Amino acid sequence: MTKRFKAAAATLMALCLLATAACSTDDDITVDISQYNDCIVSKITMGTLFRNVVSADTTYRVGVTGSLYPLSIDHRQGLICNTDSLPVGTDVTKVAFSELSTSGYVAIRSLSTGNDTAFVSTDSTDCSTERLITVTAYDEVSKRTYRLHINVHQEEGDSMTWQTRADGNADIAAFNGRVKAVGTQWGVALYGHKNGTAKVLTTTDGGKNWAEASLPEGFDTEGICRQKDTGTWWATAGESLMTSANGQDWTRVEGSAAPQKLLCANRHGLTAFKDGSPATTTDGGLTWTADPIADNTPLPTDELQAVAWTHPTDAKLVELMLTGRDADGQMAVWRRTVDLTGVNVMGWYKLPVEAAFALPTLSATALDVYDGHIIITGQTTDGAPAPIYMSQDQGRTWKLQGLKQPGTDQASGGPRAMAVDDGHHIWLIDPMAGTTISARHNRLGWADNR
């Protein structure tokens with residue numbers, strides 16, 4: 001049958017249907033005439049797949065509900081893929097599709113012959129490699145080809161492996177006393193003293209090489225704050241407030257007075273201890289405003305560490321946390337929420353704790369934000385390296401679950417530094433041993449599948 005005859009037949013059929021509908025006495029009769037030049041995939045859903053799970057010395061097979069991993073259709077790029085990858089070990093050599101909606105005839109390119117064959121969605125399809133699907137419109141002229149790509153994770157998302165970045169590094173081991181670590185966009189920066197002079201070590205290649213720079217006289221190496229949203233660094237040197245764009249080259253902020261101790265920086269501004277209580281500046285240290293305090297509980301003055309982060313569900317809110325020792329020597333946690341709109345003004349308050357999961361008493365503490373949770377480490381009361389404690393409820397409880405803890409066999413026994421970089425790596429530094437290790441959960445390093 002020629003294309004001209006087909007078109008004429010289709011026109012005649014449409015006219016007949018219209019005539020029939022016009023003569024009918026049933027008001028419910030409708031006629032749906034498809035667009036003959038449409039050639040798209042409008043919906044496609046994977047059915048049940050199977051996954052091989054290895055546990056100890058046993059391998060077992062479990063079902064995976066394909067509809068929980070929706071397939072996104074990009075008509076412009078001609079790409080069909082699941083942006084949320086299937087779990088590790090999912091068998092995609094036999095994929096059946098529970099749903100397929102198209103406007104045209106569907107064919108799939110054969111892996112063996114390279115020819116297009118009819119695509120039966122409910123049959124098993126080998127998707128271990130990218131497949132080509134072609135939709136031909138009912139006019140048999142218009143065509144559209146899609147690349148079908150099924151993504152499968154190659155590693156467990158919540159697994160993490162600690163890797164040694166530096167071992168016995170002489171530059172790190174040359175620090176005297178306590179070292180402060182600050183996560184950067186390229187890795188980590190270490191602040192401390194060498195022979196009485198303030199120094200900073202930075203690495204941009206994962207800890208293989210370290211660059212050293214001298215810091216201004218009187219530089220407080222334990223009070224550095226990095227404001228990630230602006231890339232601005234803050235510190236104090238003597239009576240001056242200092243600022244930097246890279247953590248190595250520092251300039252004084254003219255017209256500002258240095259607070260006693262910097263605490264944290266975020267979109268809310270810069271918070272510090274000034275005149276014995278927390279205060280915040282939003283103009284780079286030129287003016288300071290005392291923070292409100294919600295109750296009469298004295299804030300800590302020893303082992304102070306603070307972090308700030310954007311509220312996970314409301315970008316208008318910034319959360320602040322302060323940890324330190326009470327007058328009785330016990331660790332405690334204070335919190336404050338800052339409303340960036342200024343509508344609500346909330347003060348610092350001491351968190352109630354559960355005795356079984358209270359923050360343990362630590363010295364030489366290091367506090368940071370990792371994967372949306374707060375982590376802390378330091379030294380125990382007997383001087384041993386403490387594990388990393390994590391709080392998943394913003395400071396009320398502290399547990400060891402959630403992180404694969406690194407071994408301490410390489411630890412020197414001295415205070416360790418800790419920081420989280422912009423790539424979501426946790427860095428642990430043992431200055432006395434000159435050792436640096438890092439790790440992150442695999443899923444935090446996964447790129448967008450698209």
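Which residue in strand 31 is the bridge partner of Ile376? It's Tyr389. Let me build out from there, and keep in mind that this is a predicted model.

So, confidence. The chain has a mean pLDDT of 86, and 90% of its residues reach 70 or more. The stretch to treat separately is residues 1–34, where pLDDT stays under 50 and the model has 10 contacts beyond four places in sequence.

Back to that pair. Strand 30, residues 373–379, runs antiparallel to strand 31, and 3 bridges join the two. They belong to an open sheet of 3 strands, in the order 29-30-31, with antiparallel pairing. At the edges you've got strand 29 (363–370) and strand 31 (389–391), each pairing on one side only. From one strand to the next, the twist averages 25 degrees.

Ile376 also turns up on the contact list of Thr323. Thr323 sits in strand 26, residues 317–325. Is Thr323 buried or exposed? Buried: its relative accessible area is 0%, and the cut-off for buried is under 20%. Leaving out residues up to four places away in sequence, Thr323 touches, among others, Glu303, Leu304, Gln305, Leu359 and Leu367.

Now over to Leu190, in strand 14, which covers residues 188–194. Leu190 is buried as well, with a relative accessible area of 0%. Its contacts, again skipping residues up to four places away, include Ile172, Phe175, Val179, Trp210 and Ile429. Take Ile429: it lies 239 residues from Leu190 along the chain, yet their C-alpha atoms are separated by 8.8 Å. Lys180 and Lys199 are also among the residues that Leu190 touches.

Key: Residues are numbered from 1 along each chain as its sequence is written. This is a predicted model: local features need pLDDT of at least 70, side-chain atom pairs count only at pLDDT 80 or more; totals for chains, interfaces and linings use all residues. Side-chain values use heavy atoms; hydrogens and water are left out. Helices (H or I, at least four residues) and strands (E, at least two) are DSSP runs, numbered from the N terminus. Buried means under 20% relative accessible area, exposed over 50%, partly exposed in between (1.4 Å probe, protein chains only). Contact means heavy atoms within 4.5 Å. pLDDT is the predictor's confidence in each residue, from 0 to 100. Two strands pair if DSSP finds at least two bridges between them. Axes are lines fitted to C-alpha atoms, for helices over the stretch in contact, and angles run from 0 to 180 degrees between N-to-C directions.
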